[in-house]
Amino acid sequence: MHDFVYREGELYCEQVPVSRIVKEVGTPCYVYSYSTLVRHFRAYDSAFKNIPHIIAFAMKSNSNLAILSLMAKEGSGVDIVSGGELYRALKAGVSPSKIVFAGVGKNPDEIRDALKADILMFNVESSAELRAINDVAASVGCRARVALRINPDIDPKTHPYISTGLKKSKFGIAADRALEEFKLASSLKHIEVVGVHKHIGSQLTEVTPFVEALKKVLKLVELLKQDGINIQYINIGGGLGITYSDETPPLPQELADAISPLIRDLKVTLIMEPGRVIVGNAGILVTKALYLKEGEAKSFVIVDAAMNDLIRPSLYGAYHEIRPVLEAAGHRPKHQVDVVGPVCESGDFLAKDRSLAEVKPGEALAVMSAGAYGFVMSSNYNSRPRVPEVLVKDGEIHVIRARETFDDLVKGETIPGFLK
Ligand code: LLP
């Protein structure tokens, strides 16, 4: 459910016509709905209300400061994967006691900054990393709280690029080596073992892989107990999918109903790292048709947004629904088209072989479900300034990131003296 609906003949975000945003902010731009974000967060949070839990919003999906501070106000923590994300999280007012730090390649500076900020824990991905964290904690003079990330070897049945829990994946520690690694961890002086972590992939549309992976984790927790290692936190990662087209992913409540009974009687706090399910359908990318072009074998709608603004179609072959901002335009005859951007790459498309109602140059289109892994994966390729982000709340438009200027494009670049 989201707040992008047709009303009085045009697409609205909450009480604001998208055409007003186009007029005031221009295209392309990302538009997020405040009430959708809040509703999604609360649905997830309240589904787990019967068990102690922390939601650590996976901020890699959308790391705008305004979005993060909205999450923090709702009581969310964050899952971070870099020093830059730690910086943003703290700046947005996220409580360090709800920050967990994942990723296979944390560097010593990032580890030090996170220890100094006193984050809740590191999700550790290898024994080499464990030793590195131990060394940095020794130099800071503290003990680092850690969870070990286990690779449960469960097929999440999603796109291979976003599967993370299989044996061949770079993520996590193999389940059959886990016990050994936990023993190493608890022998290190500056490490305090507090949890187990797993995340098997993204855009999961079934509950079963979550349950199977958790069962593996629980077996391990039991073995650890026998070895005197007491786990206080079980982190099941993120990954709950959303509807881009006709997927029917489980609701957070269904996930909670499947998972809660398995851990209710353990004295543990559940940590979850949802990203996409909170922000994905709370955002759209608005673009404008520039030209129509009849190629030899195909018809193209050339729009002002491109793969540098939203890379998911190019990178994963991902489907994003495209709707006209003017409702009546959606009733025109349909044609099969590619919706492409101005970037000089054949891979620059937002939709391929799509049956789309006729579009006229100058008309605005909404690329739906673009709130997660949209702006955050955008780039300046082809020297295209990154587009603005807008948050709509109570009938008002808030620009939460300004459109970049040409000056922004060259910021930090210098021409050395010998070239002048
Ligand atoms: N926790 C960990 C350790 C993760 O690696 C991820 C996502 C999440 C949580 C959040 O997963 P979510 O709830 O958003 O599915 N760029 C890709 C998705 C990459 C996901 C990476 N990890 C896309 O656009 O589909």
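The following exchange covers the overall fold, three helices, one buried residue and some backbone details of a predicted model.

Reader: What makes the protein chain as compact as a globular protein of its length?

Author: Its secondary structure comes to 12 helices and 21 strands. The radius of gyration is 23 Å, and the globule rule gives 22 Å for 420 residues. The two values are close, so the chain is as compact as a globular protein of that length. Along its principal axes, the C-alpha trace spans about 70 × 60 × 45 Å.

Reader: How much of the chain is buried?

Author: Buried residues make up 55% of the 420 residues. A residue counts as buried under 20% relative accessible area.

Reader: What share of the contacts joins residues at least 24 apart in sequence?

Author: Take the contacts between residues at least 6 apart in sequence. Of these, 70% join residues at least 24 apart.

Reader: Why are helices α6 and α7 called roughly parallel?

Author: Helix α6 holds residues 127-140, and its axis crosses that of α7 at roughly 10°. Angles under 35 degrees count as roughly parallel. The two helices are therefore roughly parallel to each other. Their axes come within 10 Å.

Reader: Which residues make that contact between α6 and α7?

Author: From α6 come S127, L130 and R131. From α7 come E181, L184 and A185. They divide into three nonpolar, one polar and two charged.

Reader: What makes α7 oblique to α8?

Author: Helix α7 covers residues 178-187 and helix α8 covers residues 208-226. Their axes cross at roughly 45° and come within 11 Å. Roughly parallel needs an angle under 35 degrees, and roughly perpendicular runs from 65 to 115. The crossing fits neither class, so α7 is oblique to α8. The crossing is right-handed.

Reader: Which residues meet there, and how do they divide into nonpolar, polar and charged?

Author: A178, L179 and F182 of α7 meet L220, L223 and L224 of α8. Six are nonpolar, with no polar and no charged residues.

Reader: How do you know whether V279 is buried or exposed?

Author: V279 is found in helix α10, residues 276-279. Its relative accessibility is 1%. The cut-off for buried is under 20%, so V279 counts as buried.

Reader: What does V279 touch?

Author: Leaving out residues up to four places away in sequence, V279 touches L37, F57, S61, N62, I67, M71, G371 and A372.

Reader: How far is V279 from I200?

Author: They are 79 residues apart in sequence. In space, they are 19 Å apart, C-alpha to C-alpha.

Reader: Why is D118 called partly exposed?

Author: D118 has 49% relative accessibility. Buried is under 20% and exposed is over 50%. D118 falls in between, so it counts as partly exposed. This residue is found in the loop between α5 (108-117) and β8 (121-124). Its phi is near 60°, a positive value in a residue other than glycine.

Reader: And what makes D394 exposed?

Author: The relative accessible area of D394 is 57%. Exposed means over 50%, so D394 is exposed. Its loop runs between β20 (389-393) and β21 (396-401). Phi of D394 is near 50°, again positive in a residue other than glycine.

Reader: Where is the cis peptide bond that involves P28?

Author: A cis peptide bond joins T27 and P28, with omega about -10°. P28 lies in the loop between α1 (18-25) and β4 (29-33).

Note on methods
Residues are numbered from 1 along each chain as its sequence is written. This is a predicted model: local features need pLDDT of at least 70, side-chain atom pairs count only at pLDDT 80 or more; totals for chains, interfaces and linings use all residues. Side-chain values use heavy atoms; hydrogens and water are left out. Axes are lines fitted to C-alpha atoms, for helices over the stretch in contact, and angles run from 0 to 180 degrees between N-to-C directions. Helices (H or I, at least four residues) and strands (E, at least two) are DSSP runs, numbered from the N terminus. Angles under 35 degrees count as roughly parallel, over 145 as roughly antiparallel, 65 to 115 as roughly perpendicular and the rest as oblique. A crossing is left-handed if the near helix is turned anticlockwise from the far one by less than a right angle, and right-handed if clockwise. Contact means heavy atoms within 4.5 Å. Ala, Val, Leu, Ile, Met, Phe, Trp, Tyr, Cys and Pro count as nonpolar, Asp, Glu, Lys and Arg as charged, and the others, Gly among them, as polar. Buried means under 20% relative accessible area, exposed over 50%, partly exposed in between (1.4 Å probe, protein chains only). The radius of gyration is taken over C-alpha atoms; the globule rule is 2.2 Å times the number of residues to the power 0.38.
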